[in-house]
Structures are given as C-alpha cells and as structure tokens.
Amino acid sequence: LIDRVRGGRRLMVQATGAGRFVVQVVMIWFTDDVALFPLVFCALVLHKTYEISKQALVPAVVGSDAELVEANSKLGRIAGVTGAAAVVPAGALQFLFGPVGSLAYGTVFFAAASVFARGLPRDTADGGSGPDAADVTGGSEDIGVAWAAMCVLRATQGFVLFQIALWFRAEGAPPVWFAAAVGMGSLASFIGNAVAPAVRGRAGFDEERMLAVAVMLAAAVAAGAVLIDGYLAGVVVAAAVNLCAAVGRLAFESIVQ
C-alpha cells in the first residue's frame, strides 16, 4: 500500500508518529489494566511500519547507490546515540512519577517526529512503474541470497543471547558477566554501524561481499571460542556476533534499496 500511494512513504512516517503519540497517550490511562497489552502490540506494529517507511525513503536522500551504506550507517548511529540519551531522563521520570511520567515523556518525541516528517522529500510512487513490490526478489537474485544470509545473522543474534544467558545461569556465573555480554553486544552494534562505511569505501568491498564477510567472521569467532574456556569467551562471541550483524544489516538494507 505504501509503495502504491503517491507520497505514501513520507505520509506513513508522519502517520506512524501521530499514531504512536495517540497510543502513548491512551497507555497513560491503562498502565494497570489488561488493555495495556493490545496497546503495546499496536505500538510495536507502528514502530515496524515506521522502520519500513524510513528505509524506503533512504534512496531519495542520497546522491548515488554507493552512498546507501553510509546513509544507513548514520541512521543507525543516530538511533543508538539518541536512544541511549533518551533512556536517562525516561528512567528518572519513571522513578519520580511512575509509568505515567515516562509515557508522557515519550509522547513529546512522537509528536515531534510527526511534525519533522513533513520536511522529508516527497516520493512519486504511483504503482505504474518499477518492479512489483510483492516480488521478494525485486528483479534480482542477489536479494534472495542476501535475505537468507541476513536471516542466518538475525537467528544467530537471538540464539547467542539465549545460549549465553542459559549457560551463565547454569554455571552460577555472577550477573555482571551477563551484563557485560549484553553491554559489549550493544557497543559492538554501534561500532559496526560506525565502521561499515569504511569497509564499503576504503576496503573496496561491495554490499554483497560485506554481507558474506559478516557471516564468515561470526562463524570464525564462534569456532575460535570453542577452544577458549571461561565466561570471557561468551562476552567476546556476543560482541562479535552483534558487530557482524550490524555490518550485515547495513549491507542487506543497501542491497534491497
């Protein structure tokens, strides 16, 4: 639907901002009610819709396909930094005023997002040209292969997180080790977003090769960790997998774009 409506992508970014503002306001009245769960579900759907619309708009704001990785990298870094910065006041408001404080705080950001989205470039999709949006391959066999590789990286991320959590718990490891694994994983994702443009530009890797190297590097680190005993190996694997997944995600998004 987004691809077939004139101006649909920019309009959808505005609509998701407004929609999340409304959902957030309604949540304030149902913080202790079972109705909170469908509201959270709506918020998640709107978030994913926003992510899709945002990625679809990226090609309209770059000069050439070679700049896609760098543009996606900047978006990833901005999201990481602003997300971390926004958590601090949200936590303070949660502590002082409870859920109402942090939810009201969130409404400010979603309202601002809807307003700022008006400055995004207009797209002219009318459904009359270009590849069929329902076609998974989008006219390129590379996307099918890239999709499979990205599925492997995403599945690996989730598996490693649960594997480390269950392993550390079974071994009676101090909680600080799991905190270290999660923290280093988040830091590694940010580093992956930062270094991806250099890999694309200075190293001379195209997006397909970046994605392939990300998968192979994650496998190599995991294989090497088998030979290393101790909780530190788990932390290293968590960081490596998240770094590779971040680089792979940027490459995959650029291939699709």
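User: Why is Y231 called partly exposed?
Analyst: Happy to start there. This is a predicted model, and in it Y231 has a relative accessible area of 22%. Buried requires under 20% and exposed requires over 50%, so with 22% Y231 falls in between and is partly exposed.

User: What makes the pair of W177 and Y231 tilted?
Analyst: The ring centres of W177 and Y231 are 5.8 Å apart, and the planes stand at 50°. A pair needs centres within 6.5 Å, and tilted covers angles that are neither under 30 nor over 60 degrees. Both tests are met, so W177 and Y231 are a tilted pair.

User: Which parts does that pair of W177 and Y231 tie together?
Analyst: W177 belongs to helix 6 and Y231 to helix 8, so the pair links parts 54 residues apart in sequence. W177 has a relative accessibility of 29%; that is neither under 20% nor over 50%, so W177 is partly exposed as well.

User: How many aromatic pairs are there in the structure?
Analyst: There are five. One of them joins W167 and Y231, with 5.9 Å from centre to centre and 55° between the planes. That distance is within 6.5 Å and the angle is not over 60 degrees, so this pair counts as tilted too. W167 sits in helix 5 and Y231 in helix 8, so the pair connects parts 64 residues apart in sequence. The relative accessibility of W167 is 30%, so W167 counts as partly exposed.

User: Which residues form the aromatic cluster with Y231?
Analyst: The cluster is made up of W167, F168, W177 and Y231.

User: How do you know that A165 is partly exposed?
Analyst: Its relative accessible area is 26%. With the limits at 20% and 50%, the value lands between them, so A165 is partly exposed. A165 is a residue of helix 5, which runs over 141–171. Its C-alpha atom is 9.5 Å from that of W177, a residue 12 places away along the chain.

User: And what makes F205 partly exposed?
Analyst: F205 has 23% relative accessibility, which is not under 20% and not over 50%, so the label follows. F205 is in the loop between helix 6 and helix 7. Setting aside neighbours within four places in sequence, F205 touches V199, R200, M210 and V213.

User: Why are helix 7 and helix 8 called roughly antiparallel?
Analyst: Their packing angle is about 170°, with the axes 8 Å apart. Roughly antiparallel means over 145 degrees, so helix 7 and helix 8 qualify. Among the residues making the contact are M210, L211 and A214 from helix 7, and V236, V237 and A240 from helix 8. By class, the contact residues are 16 nonpolar, two polar and two charged.

User: How do you know that the span of helix 2 agrees with expectation?
Analyst: Helix 2 has 22 residues, and at 1.5 Å a residue they should span 32 Å; the end C-alpha atoms are 32 Å apart, so the two agree. The buried residues of helix 2 are L39, A43, S53, K54, Q55 and L57; each of these is under 20% relative accessible area. Those buried residues pack against helix 1 (8–28), helix 3 and helix 8.

User: What is the reach of helix 3, and what is expected?
Analyst: Helix 3 covers residues 68–97, which is 30 residues. The first and last C-alpha atoms are 42 Å apart, close to the expected 44 Å. Its buried residues are L68, V69, A71, N72, S73 and G76, and they pack against helix 2, helix 6, helix 7 and helix 8. After helix 3 comes G98, with a positive phi near 80°.

User: Zooming out, how many helices and strands does the protein have?
Analyst: The protein has eight helices and zero strands. Its C-alpha atoms fill a box of roughly 55 × 50 × 30 Å along the principal axes.

User: What share of the residues counts as buried?
Analyst: Of the 257 residues, 33% count as buried. As for contacts with a separation of 6 or more, 76% involve residues 24 or more positions apart.

Definitions and conventions: Residues numbered from 1 in each chain as written. Predicted model: local features only at pLDDT ≥ 70, side-chain atom pairs only at ≥ 80, totals over all residues. Heavy atoms only, no water. Helix = DSSP H or I, 4+ residues; strand = E, 2+ residues; numbered from the N terminus. Expected span 1.5 Å × (residues − 1). Buried < 20%, exposed > 50% of the residue type's maximum accessible area, 1.4 Å probe, protein only. Contact = heavy atoms within 4.5 Å. Axes fitted to C-alpha atoms, helices over the stretch in contact; angles between N-to-C directions. Parallel < 35°, antiparallel > 145°, perpendicular 65-115°, else oblique. Nonpolar A, V, L, I, M, F, W, Y, C, P; charged D, E, K, R; others polar. Phe/Tyr/Trp six-rings, centres within 6.5 Å; stacked < 30°, edge-to-face > 60°.
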